[in-house]
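Student: I would like to learn how to read cavities, salt bridges and surface patches in a model. Can we take them in turn?

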Amino acid sequence: MSAITETRKTTNIVKVVAASLVGTAIEWYDFFLYGSAAALVFGSLFFPKSDPVTGTLLAFGTYALGFVARPLGGIVFGHFGDRVGRKKMLVVSLLTMGLATIAIGLLPTYASIGLAAPLLLLACRLVQGFAVGGEWGGAVLMAAEHGDDARRGFWSSWPQAGVALGNLLATGVLWVLALVQPDEAFNSWGWRIPFLLSAVLVVTGLWVRLQIEESPLFERAPVQKSPLLEVIRRYPREVVLAMGMRMAENISYYLFTVISITFLTTYAGTSADKSTILTALVVGSAVQFFVIPAIGAVSDRVGRRPLYLAGAIGVAVWIYPFLRLVGTRDAGPITLAVVVGLLLHALMYAPQAAFFAELFGTSVRYTGASVGYQLASIVAGAPAPLIALALLGDTDDPNLGAVAIYMAIASALSVIAVLVARETARSSLDHDRT
């Protein structure tokens, strides 16, 4: 009987992890697609009266505002996720994200409707940010709360791998289009195809998510009237630590992905082919997808903190060589730069889901983890492309050292937060702090 029960538990956790992985991949496909499109075409399509660098900065401005909506999404989805359930909120977040992404694919450009075009683009981006703000907490908690204490790092790392898979899908579609379409066709209508493809992915994700059961820990936890107020009262230290730990992870990711596109196509020379960096990002995202669960499993054995520290220090050391390698405009060094960067990022990102989930009690875990995770994105990932472009400065003589210092400061903040945080590996999630 016990063998049968164990088999059923394993089957159930695999279903839950698969649902979290698929749904997360789809939501982040939508979110990352915008970042890549902002680097490639949105500047000229929605802000055509600006010079290329300024147009790209304005496109990244709308990109950054999507991050501003993420904490609000984390609060709203966290509130209802802690009150009515994780599963319901995951379905709502996926549907909301899908509708916003499809809408972007149908938007008229500045040439058609003038100023209304960037305003509509901004509105869609804010909805995307709101939806993804609620996605992360629910997806990782479903995996973490269905899993066991000894393998939580492994199980909950799969939704994190879904983020890499989402970036792989987004970059992969753009890469294929860049190979088969001339620039004129891509800039005219080809860029819309990846956004409209979201409709198929969302229907698939909804079907998968509707098949899973609610978190067993949530079902037996007390219901809080105001989860956010309880987080502020009982877990302020944990929220601050989560934000600190995210600084190096969040900033480095957008430097290794979004900024790498702009750096190659704008700073490394106009002759640079955008398919070169897209190819490198496809390879890097594929490697990261497979590596994240392996690192998650290692974190169950050695702890979350050692791996996180190694990653935070590693990205600070790697950012300067990364930019130098991308600046060569050669496919081999560029691919090496991206792969190593994303591997170092994975040392933080893989154990992060379990680490953050283990910081909070069950009745406020969705809210606590989401708020700590998403608040950091406002000061980390949101302005990272804007700050990096400003620090790079002149396209003829980019200041690589300034970007390296920026990354080093972010890494220092994360190192301090990890050193202050307690080790949480193998701790029980079935608890609440009073």
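**Reading the features**

Tutor: Start with a single residue: Arg 234 counts as buried, because its relative accessibility is 9%. Keep in mind that the model is predicted.

Student: Which residue forms a salt bridge with Arg 234?

Tutor: Glu 230 does, and the closest N and O atoms of the two are 3.0 Å apart. Glu 230 also counts as buried, because its relative accessibility is 16% and the cut-off for buried is under 20%.

Student: Where do Glu 230 and Arg 234 lie relative to each other in helix H11?

Tutor: They are four residues apart in H11, residues 227-234, so about one helical turn separates them.

Student: How many salt bridges are there by this rule?

Tutor: The count comes to 12. One of them joins the side chains of Glu 145 and Arg 86, at 2.8 Å from N to O. This pair links distant parts of the chain, as Glu 145 is in helix H5 (residues 116-146) and Arg 86 is in helix H3 (residues 86-106), 59 residues apart. Both Glu 145 and Arg 86 are buried.

Student: Are Arg 151 and Asp 148 buried or partly exposed?

Tutor: Arg 151 counts as partly exposed because its relative accessibility is 37%. Asp 148 is partly exposed too, with a relative accessible area of 27%. The two form a salt bridge, with the closest N and O atoms 3.1 Å apart.

Student: Which residues are linked in a network of salt bridges?

Tutor: Asp 149, Arg 152, Asp 300, Arg 304 and Glu 358 are linked in this way.

Student: Now the cavities. How many of 30 Å³ or more are there?

Tutor: A cavity is space where a 1.4 Å probe fits but cannot get out. By this rule there are two of 30 Å³ or more. The largest holds about 60 Å³ of space, and the second largest has a volume of about 50 Å³.

Student: Which elements supply the lining of the largest cavity?

Tutor: Helix H1 (2-46), helix H12 (236-267) and helix H15 (331-357) each supply at least two residues. H12 gives the largest share, five residues. The lining residues include Trp 28, Arg 70, Glu 249, His 345 and Tyr 373. By class, this lining has seven nonpolar, two polar and three charged residues.

Student: What classes of residue line the second largest cavity?

Tutor: Its lining divides into four nonpolar, four polar and no charged residues. Among them are Ser 36, Asn 167, Thr 257 and Leu 281. H1, helix H6 (152-180) and H12 each supply at least two residues here, and H12 gives the largest share, three residues. Phe 32 appears in the linings of both cavities.

Student: That leaves the surface. Which residues form the nonpolar patch?

Tutor: Leu 65, Val 68, Leu 126, Leu 375, Ile 378 and Val 379 form it, with about 420 Å² of accessible area together. The elements giving two or more residues to this patch are helix H2 (52-83) and helix H16 (365-379). The largest share, three residues, comes from H16.

Student: Where does Leu 65 lie, and is Leu 65 buried or partly exposed?

Tutor: Leu 65 lies in helix H2. Leu 65 is partly exposed, with a relative accessible area of 35%. A patch takes in residues with over 30% relative accessible area and no salt bridge.

Terms used: Residues numbered from 1 in each chain as written. Predicted model: local features only at pLDDT ≥ 70, side-chain atom pairs only at ≥ 80, totals over all residues. Heavy atoms only, no water. 1 Å grid on protein atoms, 1.4 Å probe; cavity = no way out; pocket = protein on both sides within 12 Å on 5 of 7 lines; lining within 4 Å. Points joined across faces, edges and corners; volume = space filled by probe spheres on them. Nonpolar A, V, L, I, M, F, W, Y, C, P; charged D, E, K, R; others polar. Salt bridge = Lys/Arg side-chain N within 4 Å of Asp/Glu carboxyl O. Buried < 20%, exposed > 50% of the residue type's maximum accessible area, 1.4 Å probe, protein only. Patch = residues over 30% accessible without salt bridge, like charges linked within 9 Å, V, L, I, M, F, W, Y side chains within 5 Å. Areas by Shrake-Rupley, 256 points an atom, 1.4 Å probe, with all protein chains shown as cover.
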